[in-house]
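Visitor: Could you walk me through this model? I'd like to start with a single residue and then move on to how the chains meet.

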Amino acid sequence: MDSYDIPESTSSRLKDHFIGATPLQKRLESVRKLTSFVPPSPQRKIPQCSQLQEDVDPQKVAFLLHKQWTLYSLTPLYKFSYTNLREYSKFLSAFIVAEKQKGLAVEVGEDLNIKVIFSTLLGMKGTQRDPDAFLVQILSKSHLPSENREGKVLWTGWFCCIFGDNLLETVSEDFTCLPLFLANGAETNTALIGTWFQKTFDCHFSPLAINAFNLSWMAAMWTACRMDHYVATTEFLWSVPCGPQSLDIAYAIHSEDAKALWDSVHKAPGEVTQEEVDLFMDCLCSHFHRHFKIHLSATRLVRVSTSVASAHTNGKIKVSLNKSS
Amino acid sequence: MDEIVAEFVKRTILKIPMAEMTTILKAWDFLSENQLQTINFRKRKESLVHDLVMLCEEKHASVNDAALLDIIYTQFHQHQKIWDVFQMTKEPGEDIDLFDMKQFKSSFKKILQRALKNVSVTFRDTEENAVWIRIAWGTQYKKPNQYKPTYVVYYSQTPYVFISSSRLRSSIPLLGQALTVASKHHRIVKMDFRSRYLDSLKAIVFKQYNQTFETHNASTPLQERNLELDINMDSRIIHENIIEKDRVQRVTQEIFGAYPQPRLEFAQYKLETKFKSDLNRGILAERKEPLRCLVKFSSPNLLEALKSLAPAGIADAPLSPLLTCIPQKRMNYFKIKDK
């Protein structure tokens, strides 16, 4: 995956894959897309058929939806092996229990009877070259045999690499490149997992912020999705932090109207260009300016939310499932 | 004291933060000085509350006494509720009777009690001819729920009533009726004006917010005012920018005044207007339907934040009338459509 620089050229292209996909695949496609939400350099083209559509088991990845994920970027893992997942599960379980017993991350009444599971996530990648994504879950071992044998999921995190060609070229064989980490669950658990990974694989996590530029790309792409029906409004949140008091401006537009605006802006089928994204956002801002005389472009776009997914500048995202009839 | 009253007393006292305990109890004036002196206020809260409840028991506190304490607590914590503003009107030509507080209270209570067998109504007079009313709602068969009361603040010399927002929407029509009849008005209308800050709502509704207005001499020569601006200004700004900056300051001052703004936390606009843009001709040109938008501005102090937008260069000066009309129109909920 590219680093998050603004490309020199004014137009970039992304293939629009939403034609012919099932609703679940559409949502998962968005998940895939958002991890490569940076418009690539002009030479780069996203292949028509991604691994996602071929290999993914819908059941297995359905749990990724409807959750809020906090994003982190991760440096390559040294001497990580997919064949050792069992061992990693054991070591990480032991580590977590030990740390919690030390009292470093104890919450009152916390159940120390936990189990960690590592598993691969097939299909969550862009090209064949991308390393497989994998999933880590902390489960509480249930006391009652009648309950679900697996126990309740306390924390989930997954590591993936989508279209990481540029990075993969630069890294030596000992390293596994999975630059995106998504976590859902208690902060304390995320910190513990992070510590173990950092110690074991000599890597480093840093919180991933999503800047306004990328948020507007996401808003445009998600608005572009053809939906059977709209569940939520399309909403933008701008923040004006300066001045004696902070001011938040929430601007929600009916999703059908947002789609109509996008369709009016969008020219070439099957691709999304920088100019279209800019024009889309510009139209929304000028409609706002006409009423309120406020230049939204002078403020900070902090959050975008559509029926498909939502993303916040602090690196929290959520992909929703649209139940189509 | 029966169990229900005891529980009510206990839970009301429990709400009070330790730092305010003595002040509120004194304002309540139910427990005597002597009784209060027997209490050790340095104890842990739970046991302090227990002792206080015992004292209330000794004095046979009633539901009404506890309700009064609840009113006082709410008066100290007004911002915990969201207040709606209602306006009452008289029929044209109706006589303007002299307002009788006693008669209002008794009439108000009677109307509610006649409609619902179970309702508790408590009054507390405050300054400016205002009265705080606490209503706990019950039904024909159920005792009043003391834990979801509605508060009404009525300034008797005005047609305005402030009512705390509650989930019990069904009680509003009856409440409205009781207020209008008891105060000898004809109609009551809910204004699109809502905030947590009762003082600010009051200030705006009664147009009291410019009382701290210092006489600003608008005819001060340009040069003199420039001296004030110069302190903060970049010396590299050339003459045209100085004039523009000055104009923005002046226009903002004219609209918002030189005084601190009353405190509102949000303004909401429901827009149904067509998309029109000079720059982007052709976009949505054929679309007859308007864009349906909902815009919400939120801030710890909305009016101060809006005031700072034009000087910061984020908005044009003058600011849109949709925003500046909030205090004059006494509204912060708007529905805007194309004419």
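**One residue, then the interface**

Guide: B:Ala182 is buried, with a relative accessible area of 2%, and please keep in mind that this is a predicted model.

Visitor: Why does B:Ala182 count as buried?

Guide: B:Ala182 counts as buried because its relative accessible area of 2% falls under the 20% limit used for that label.

Visitor: Which helix is B:Ala182 in?

Guide: B:Ala182 belongs to helix α7 of chain B, which covers residues 171-182.

Visitor: And what is B:Ala182 in contact with, leaving aside its neighbours within four places in sequence?

Guide: With those neighbours set aside, B:Ala182 is in contact with B:Phe104, B:Ser107, B:Phe108 and B:Ile111. As for B:Ser106, which is 76 residues away along the chain, its C-alpha atom is separated from that of B:Ala182 by 8.2 Å.

Visitor: Stepping back, what does the secondary structure of chain B come to?

Guide: Chain B has 12 helices and 9 strands, and 47% of its 339 residues count as buried. Taking the contacts in chain B between residues at least 6 apart in sequence, 71% join residues at least 24 apart.

Visitor: Okay, changing topic: how many residues does each chain give to the contact between chain B and chain A?

Guide: The contact takes 41 residues from chain B and 35 residues from chain A. Between them the two chains bury about 3100 Å², and 62% of that area is on carbon and sulfur atoms.

Visitor: How many salt bridges are there between chain B and chain A?

Guide: The count is 2 salt bridges, and one of the pairs is B:Arg292 with A:Asp257, whose closest N and O atoms are 3.0 Å apart. In addition, 15 residue pairs are in polar contact across the interface of chain B and chain A, with both residues at pLDDT 80 or more.

Visitor: Which elements give two or more residues to the side of chain B that touches chain A?

Guide: Those elements are β7 (266-273), β8 (291-298), α11 (302-309) and α12 (321-329) of chain B, and β8(B) gives the most, with 8 residues. By residue type, the side of chain B that touches chain A divides into 23 nonpolar, 10 polar and 8 charged.

Visitor: What does β8(B) pair with, and in which sense?

Guide: β8(B) pairs with strand β10 of chain A, residues 247-253, in the antiparallel sense over 6 bridges. Within that pairing, B:Leu294 in β8(B) has A:Ala252 standing opposite.

Key: Residues are numbered from 1 along each chain as its sequence is written. Chains are lettered from A and ligands numbered from 1 in the order in which they are written. This is a predicted model: local features need pLDDT of at least 70, side-chain atom pairs count only at pLDDT 80 or more; totals for chains, interfaces and linings use all residues. Side-chain values use heavy atoms; hydrogens and water are left out. Contact means heavy atoms within 4.5 Å. Buried area is the accessible area (1.4 Å probe) that two parts lose on being put together, summed over both. A salt bridge is a side-chain nitrogen of Lys or Arg within 4 Å of a carboxyl oxygen of Asp or Glu. A polar contact is a pair of N or O atoms within 3.5 Å; within protein, one must be able to donate a hydrogen and the other to accept it, and residues adjacent in sequence count only if both atoms are side-chain atoms. Helices (H or I, at least four residues) and strands (E, at least two) are DSSP runs, numbered from the N terminus. Ala, Val, Leu, Ile, Met, Phe, Trp, Tyr, Cys and Pro count as nonpolar, Asp, Glu, Lys and Arg as charged, and the others, Gly among them, as polar. Two strands pair if DSSP finds at least two bridges between them. Buried means under 20% relative accessible area, exposed over 50%, partly exposed in between (1.4 Å probe, protein chains only).
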